[in-house]
Every structure is written in structure tokens, then in C-alpha cells.
Amino acid sequence: MDLSPIFISLKTASLAIVITFFLGVGTAWGVVCLRRPKVKIVIDGILTLPMVLPPTVAGFFLLYVFGVQRPVGSFLVRFFGLKVPFSWGATVLAAVVISFPLMYRAARGAFEQVNPQYIQAARTLGMPSYKIFWRVVLPLALPGVASGGILAFARALGEFGATAMIAGNIAGKTRTLPLAIYSAVAAGDMGSAMEYVLVLVGIAFIMLAGLNWLTAKKGYNGAGGGR
């Protein structure tokens, strides 16, 4: 069995979850703090859209934006020598876009369950907004945020459609586990496909077991009792 798809998938998902975690947490807190409900609904819909669209559609938009003949893609090539399509970076980009809504929704839900009385008490003590977030909101919401991170990592690991569109299926470079399974089946090598499937299922099971352990140990009651 070729081990490169395993290493590529793990490397891609690991970098993607780092980006997705901070981006999702920051965006979720920003949306929670919005005071205009209509604007919040529109922004929330845009940020959640990749979760309901077919991954191939998301991949098409990524290819449309970052293609070398497109403004963004040509800018990156001209000034930074960075060609995104059909590179390993494209697998990370696809994983971030597809896994972001899971991280964002989980973080937003966790933040909204934090008892506002704790936030108000911190404000009366003179704590600035950034300290309230890091010292009050995030610790109380951590179980939900961590759960979102686990789900986002698992989603990034299993991403197929968007990755195939923008990164291709290049052996040893962009061929992740899902693409390796597809290639093996297309070639009639069911044995290799089964090996890759077992690896992917095993990793996903470990992720879900960790999620169940986390929610059973902490639960959402640690988020301050809700509103």
C-alpha cells in the first residue's frame, strides 16, 4: 500500500484545522457580537453556505477565483510566484473552505450558550473586551469549541469533491485518502481501496470517540448554563 495518501491527508488536515480553528473562532465571536439581526442572518448564511453546497461547487468557485488566468490567481503568480491550483496548498485551501462551517457553527453555538451574566460581571470589573473573550467566554465555551475542532478535522480529512476540483489527483502530491480510494476503485484494485478505507474509517472513529469522550466529560453545562 502506498503510504503517501495517508501522510498527505494527515498533513493537510493538520494545517487546515489550525487555520480553521482560529478563523472559525474569531469569526463566530464577531458574528455573536453583531447587534443587527438582519445583518447577522445574511453573514451567517454566507459563512454556512459551503456546508450545504455540493463540495464540487465549492471547488469550482475556488478554481474560478484562484485559477492562474483569474485576477486573484494571476496576482499570486505574478507577485509571489505562487500557483495555487494543482498544488499541495490547494488541498489545504479546499479542506479549510469545506471544514470552516462546522468549526464556525460549533463555536458560535458554544459562545451563545455562555451565560451573559458572567460577561456583564467582567465588564463591571473593568475588563477590556479582549480579556473578557480570552478569560471568560472562551474557557466557558471550550467544550463546544473543541468539539467543533474535532468535527472540522475529521471533515478536512475526508474532503473529496473540492480537493479533486482545485488540487487534482496527483500521486504523491495532492492525492489524499479519499482520492486514493477513488483511484484504486477506478483501477479495479479493490484490495488497496479497502486498505485505505479501513485507515480512513479508523481515524474517523478515533476522532468521534474523542468527541464523545469530551462531551461526556465536560458537556455543555460547563458553558455557563445558557441564556
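1. A good place to start is Phe 86, which is found in the loop between α4 (71-80) and α5. Please keep in mind that this is a predicted model. Most residues other than glycine have a negative phi. Phe 86 is not a glycine, yet its phi is positive, at about 60°. With a relative accessibility of 40%, Phe 86 counts as partly exposed, so you may like to look at this residue on screen.

2. Now for the overall picture. The chain has ten helices and zero strands, and its pattern along the sequence reads α-α-α-α-α-α-α-α-α-α. Its C-alpha atoms fill a box of roughly 65 × 45 × 30 Å along the principal axes. Of the 227 residues in the chain, 41% are buried. The accessible surface is about 12200 Å², and carbon and sulfur atoms account for 69% of that.

3. How much of the contact map comes from residues 24 or more positions apart? Among contacts with a separation of 6 or more, such pairs make up 74%. One link across the sequence is an aromatic pair: Trp 29 lies in helix α1 (residues 4-32) and Phe 111 in helix α5 (residues 88-112), so the pair ties together parts that are 82 residues apart in sequence.

4. Let's stay with the rings for a moment. A pair of aromatic rings is described by the distance of the centres and the angle of the planes. For Trp 29 and Phe 111 the centres are 5.6 Å apart and the planes are at 80°, which makes the pair edge-to-face. Phe 111 is buried, its relative accessible area being 1%. Ring pairs also link Trp 29 and Phe 111 with Phe 133 and Trp 134 in a cluster. In the whole structure, the search finds eleven aromatic pairs.

5. Is the setting of Phe 80 buried or exposed? Phe 80 is exposed, with 57% relative accessible area, while its partner Phe 75 is partly exposed at 42%. These two rings form an edge-to-face pair, with 5.8 Å from centre to centre and 70° between the planes.

6. Two charged side chains also deserve a look. The charged end of Lys 11 sits over the ring of Trp 88, at 4.7 Å from the ring centre. Likewise, the charged end of Arg 70 sits over the ring of Tyr 64, at 4.0 Å from the centre.

7. Helix α3 (residues 55-66) offers a neat check of geometry. At 1.5 Å a residue, its twelve residues should span 16 Å, and the end C-alpha atoms are indeed 16 Å apart, so the two values agree. Which residues of α3 are buried? They are Ala 58, Gly 59, Leu 62 and Phe 66. Because these residues cover an arc of only 100° around the axis, they lie on the same side of α3. The buried residues of α3 pack against α4, α5 and α8 (161-166).

8. Finally, Val 97 has its place in helix α5. Leaving aside neighbours within four places in sequence, Val 97 is in contact with Pro 50 and Leu 62; Leu 62 is one of the buried residues of α3. Val 97 itself counts as partly exposed, at 22% relative accessibility. Val 97 and Ala 162 are 65 residues apart in sequence, and their C-alpha atoms are 8.8 Å apart in space.

Definitions and conventions. Residues are numbered from 1 along each chain as its sequence is written. Side-chain values use heavy atoms; hydrogens and water are left out. Rings of Phe, Tyr and Trp (its six-membered ring) pair if their centres lie within 6.5 Å; planes under 30 degrees apart count as stacked, over 60 as edge-to-face and the rest as tilted. Helices (H or I, at least four residues) and strands (E, at least two) are DSSP runs, numbered from the N terminus. Buried means under 20% relative accessible area, exposed over 50%, partly exposed in between (1.4 Å probe, protein chains only). A charge sits over a ring if NZ of Lys or CZ of Arg is within 6 Å of the ring centre and within 35 degrees of the ring normal. Contact means heavy atoms within 4.5 Å. The expected span of a helix is 1.5 Å times one less than its number of residues. The arc is that of the directions from the helix axis to the C-beta atoms. Accessible areas come from the Shrake-Rupley method with a 1.4 Å probe; for residues, only the protein chains shown count as cover.
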